[in-house]
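Me: I would like to go through this structure and ask, label by label, what each description rests on.

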Amino acid sequence: MIPILAAIAVTVIVGWMLIKRYPSQMILLAGGLVIIYVSILCGVENILPQGAKSTGFIGFDPVQLLTSVAIKQVGGIGMIIMVSGGFAGYMSQIGASNALVRLVADPLNRLSSPYILLALAFIIGQLLNVVIISAAGLTMLLLVSFYPILTRVGVSAAAAASTIVLSTSLCTGPLFGTQQLAAKTVGLDPTAYMVEYQLICTVPALLAMAVAVFFIQRYFDHRNDDVYGESVIEKKSEERECPVWYAAFPFVPIVLLFIFSKFGISSVKLGVNQVLFLTWLVVVVIELIRRRDVKGVFQDAMAMFKKMGQMFGGIVALIICAEVFATSLRVCGMVDGIIGLAFDTGFGVTGMTAVLSAITGGLTLLVGSAIAAFATFASLSQDIHASLGGNLGGMVNPMHLAGTVFRSTAAPPCPASSASP
């Protein structure tokens, strides 16, 4: 009982510190280790995951737990996230992301109905988010390209900026870190997870949100009670110029993933890492042929590895620490207690899915990070599913979408916050 009470107290403290913007990685890691050591002092002996060997001294086993979790994540989902982030960084470096946004922005100039244009801009932004997976990067690109068009036809600055931020809310696509984590939790490859679980939810959600954008933004614009500050939107002075056909490069990995999957050529196995590295190498060769500047092209290519390092220090480290924290909740018996309570109250898998989704969304809204909340509770969902049954994908998908949607309305400043009134 003492470990569970300690876990509840530590969880509350961790939540408070996350809200206060303490570093998420270290807060989750420290909280998890405290719970584990309290459990050890209370007589708990089995703290290591299956397959991990004890050091021979239980006092060192929490470090062994951290090591085994790190090795598993870096060699698995963590590597996929790093390579995906690296590829997105390289696409931005060579100007391919900019070319794509400029290309899709052109048709918007031909529309004159302000709020139809606004709803369409939201849909286009969300579709771009499938291949431009950096929320901050896509937001800045849309601010530079879409924002002037929207305000020119009569949409308020507040409506334009808030819609642009909302365009990154539905993280649907096999390149997203949260989607890769969700797919791994369910036991599917990211492409199959997208087709079998996500599209059936996100397509209706996308259309419903577009309709809501039309009516809600029009309503608030007609009220005309926004208070504006100084706009700081300005176009980058050194935007990389590239051919318009470079806009196709961000789509290549998605196309390859669908071609070489169970939905296409199933005899050839290409995972996310392989298609991203393959596309990166091909684009480097194309850059060499087009620019004939070996040094410059290779310097740009290094953006892949630099961004991979940044992803490790950010998202991958967060997943590692979140799994340690989730493991501590298992070790202390808190997860078993929650499952037992669900049985006693007749809550069932549907009720637990609703609770976990609400917690994931609420925590994301408070801390501003979907991956921090989702990584913690996605791991717990496997234990709950094993005990309560039901469809694991049906449990994970609402949690995943709750985190990504609430992230776009979270408190931490985003690139648009300084540009929007």
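The exchange below sets a computed value beside the cut-off behind each label.

Me: Before the details, what kind of model is this, and how many helices and strands are there in the protein chain?

Reply: This is a predicted model, and the protein chain has 18 helices and zero strands. Of its 421 residues, 49% count as buried, and the chain exposes about 19100 Å², with carbon and sulfur atoms supplying 67% of that area. Among contacts between residues at least 6 apart in sequence, 77% join residues at least 24 apart.

Me: Why is Asn273 called buried?

Reply: Asn273 has a relative accessible area of 18%, and buried means under 20%, so Asn273 is buried. The residue sits in helix α12, which covers residues 272–291, and, once residues up to four places away in sequence are set aside, Asn273 touches Met79, Ile80 and Val83.

Me: Why is Tyr37 called partly exposed?

Reply: The relative accessible area of Tyr37 is 34%; buried requires a value under 20% and exposed a value over 50%, so Tyr37 falls in between and is partly exposed. Tyr37 belongs to helix α2, residues 24–41, and touches Gly59 and Pro62 when residues up to four places away in sequence are not counted. The C-alpha atom of Tyr37 is also separated by 9.6 Å from that of Cys332, although the two residues are 295 residues apart along the chain.

Me: How do you know that the reach of α2 is close to the expected one?

Reply: Helix α2 has 18 residues and reaches 26 Å from its first C-alpha to its last, which is close to the 26 Å expected at 1.5 Å a residue. Its buried residues include Leu28, Leu29, Ile35 and Ile36, and just after α2, Gly43 takes a positive phi of about 105°. Helix α6, residues 114–128, can be set against the expectation in the same manner: its 15 residues reach 21 Å, close to the 21 Å expected, and among its buried residues are Tyr115, Leu117, Leu118 and Ala121.

Me: What makes Trp245 and Phe249 an edge-to-face pair?

Reply: The count comes to eleven aromatic pairs. For Trp245 and Phe249, the ring centres are 5.9 Å apart and the planes stand at 90°; a pair needs centres within 6.5 Å, and planes over 60 degrees apart count as edge-to-face, so this pair is edge-to-face. Trp245 is partly exposed at a relative accessible area of 45%, whereas Phe249 is buried at 8%.

Me: Why are Phe277 and Trp280 called edge-to-face?

Reply: Their ring centres lie 6.2 Å apart, within the 6.5 Å limit, and their planes are at 65°, over the 60 degrees required, so the pair is edge-to-face. Both residues lie in helix α12, three residues apart, about one turn of the helix. Phe277 counts as partly exposed at 27% relative accessibility, while Trp280, at 9%, counts as buried.

Me: Which residues touch the most other members of the largest nonpolar core?

Reply: Of the 116 residues in that core, Leu28, Tyr90, Met91, Ile94, Phe146 and Leu150 touch the most other members. Helix α14, residues 303–331, gives the most to this core, with 14 residues. Leaving aside neighbours within four places in sequence, Leu150 is in contact with Leu117, Leu118, Ala121, Val155 and Ala160.

Me: How many disulfides does a search of the whole structure find, and why is Cys321 called buried?

Reply: The search finds zero disulfides, no pair of cysteine sulfur atoms lying within 2.5 Å. Cys321 has a relative accessibility of 7%, which is under 20%, so Cys321 counts as buried; Cys42, at 39%, lies between the cut-offs of 20% and 50% and therefore counts as partly exposed.

Me: Why is Arg292 called exposed, and what sign does its phi have?

Reply: Arg292 has a relative accessible area of 75%, which is over 50%, so Arg292 is exposed. Arg292 is found in the loop between α12 and α13, and its phi is near 55°, a positive value in a residue other than glycine. Most residues other than glycine have a negative phi.

Technical notes
Residues are numbered from 1 along each chain as its sequence is written. This is a predicted model: local features need pLDDT of at least 70, side-chain atom pairs count only at pLDDT 80 or more; totals for chains, interfaces and linings use all residues. Side-chain values use heavy atoms; hydrogens and water are left out. Helices (H or I, at least four residues) and strands (E, at least two) are DSSP runs, numbered from the N terminus. Buried means under 20% relative accessible area, exposed over 50%, partly exposed in between (1.4 Å probe, protein chains only). Contact means heavy atoms within 4.5 Å. The expected span of a helix is 1.5 Å times one less than its number of residues. Rings of Phe, Tyr and Trp (its six-membered ring) pair if their centres lie within 6.5 Å; planes under 30 degrees apart count as stacked, over 60 as edge-to-face and the rest as tilted. A nonpolar core is a set of buried Ala, Val, Leu, Ile, Met, Phe, Trp, Tyr and Cys residues joined through side-chain atoms within 4.5 Å. Accessible areas come from the Shrake-Rupley method with a 1.4 Å probe; for residues, only the protein chains shown count as cover.
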